[in-house]
Amino acid sequence: GMDDFLAKPYALEQLKATLQRWMPAAPAATTATAAGGVPTPADEAPADVPPAVDRKVIDQFRELDPSSSTALAARILDIYAGSSGGVFAEVVQAVTEGAGDRLRHAAHSLMSSSANVGAKRVAALFKEFEQLGKDGRIDEARAQLDALRAEYARALDAIRALRLEFGA
């Protein structure tokens with residue numbers, strides 16, 4: 001209804017504001033190696049693992065777009081794919097150097113951005129890492145880093161696949 005119509009531009013502005021908050025935190029150019037190199041092969045994942053990215057979240061972007069096209073969704077996925085790698089490298093570096101505050105900050109940024117693109121599982125892991133950084137539990141973060149790396153790689157793969165699906 002009308003209320004729904006009124007809510008949408010506001011939601012879109014909110015989304016843009018949220019994206020702009022975490023975008024500048026990352027270097028412009030990132031490479032696939034920022035994800036830590038080796039993604040986990042898909043056939044290793046048990047069959048009951050939910051998808052890395054919740055399609056419903058992406059579909060909401062398409063509804064927000066006045067033309068109901070995939071342009072907004074594609075743009076948001078581009079931003080995540082292009083900018084999250086640099087922040088992820090910061091998470092890895094913070095864990096390696098035992099910098100709890102930097103870990104908290106970088107993990108929080110990635111938790112928000114991952115949730116925004118529907119990468120719920122990795123967002124939940126980043127939330128855990130944010131708490132570990134806050135508590136200075138670096139050994140625990142170090143022990144879980146490979147699991148985080150694998151799930152982040154899985155999310156990026158899913159995002160790239162969606163991006164291809166939407167075309168240019």
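**Helix H5**

I began with H5, residues 120–135 of this predicted model. Its 16 residues reach 23 Å from first C-alpha to last, close to the 22 Å expected at 1.5 Å a residue.

Next I asked which residues of H5 are buried. My list reads Val122, Ala123, Leu125, Phe126, Phe129, Glu130, Leu132 and Gly133. A reminder to myself: an α-helix has 3.6 residues a turn, so residues three or four places apart point the same way. Happily, Val122, Phe126, Phe129 and Gly133 are among the buried ones.

What covers them? The cover includes helix H3 (71–97), helix H4 (100–116) and helix H6 (138–166).

I also looked just past the end of H5, where Gly136 follows with a positive phi, near 70°.

**H3 against H4**

Two of those covering helices deserved their own entry. I found H3 and H4 packing at an angle of about 150°, their axes 8 Å apart. Because that angle is over 145 degrees, I noted H3 as roughly antiparallel to H4. The crossing of H3 past H4 is left-handed.

For the contacts, I wrote down that the H3 side includes Tyr80, Ser84, Val87, Phe88 and Val91. Among the H4 residues they meet as a group are Leu103, Ala106, Ala107 and Leu110.

**The whole chain**

Stepping back, I counted 6 helices and 0 strands, in the order α-α-α-α-α-α. Of the 168 residues, 41% count as buried. I then checked contacts between residues at least 6 apart in sequence, and 72% of them join residues at least 24 apart. Last came the accessible surface: about 9,200 Å², with 57% belonging to carbon and sulfur atoms.

Methods:
Residues are numbered from 1 along each chain as its sequence is written. This is a predicted model: local features need pLDDT of at least 70, side-chain atom pairs count only at pLDDT 80 or more; totals for chains, interfaces and linings use all residues. Side-chain values use heavy atoms; hydrogens and water are left out. Helices (H or I, at least four residues) and strands (E, at least two) are DSSP runs, numbered from the N terminus. The expected span of a helix is 1.5 Å times one less than its number of residues. Buried means under 20% relative accessible area, exposed over 50%, partly exposed in between (1.4 Å probe, protein chains only). Contact means heavy atoms within 4.5 Å. Accessible areas come from the Shrake-Rupley method with a 1.4 Å probe; for residues, only the protein chains shown count as cover. Axes are lines fitted to C-alpha atoms, for helices over the stretch in contact, and angles run from 0 to 180 degrees between N-to-C directions. Angles under 35 degrees count as roughly parallel, over 145 as roughly antiparallel, 65 to 115 as roughly perpendicular and the rest as oblique. A crossing is left-handed if the near helix is turned anticlockwise from the far one by less than a right angle, and right-handed if clockwise.
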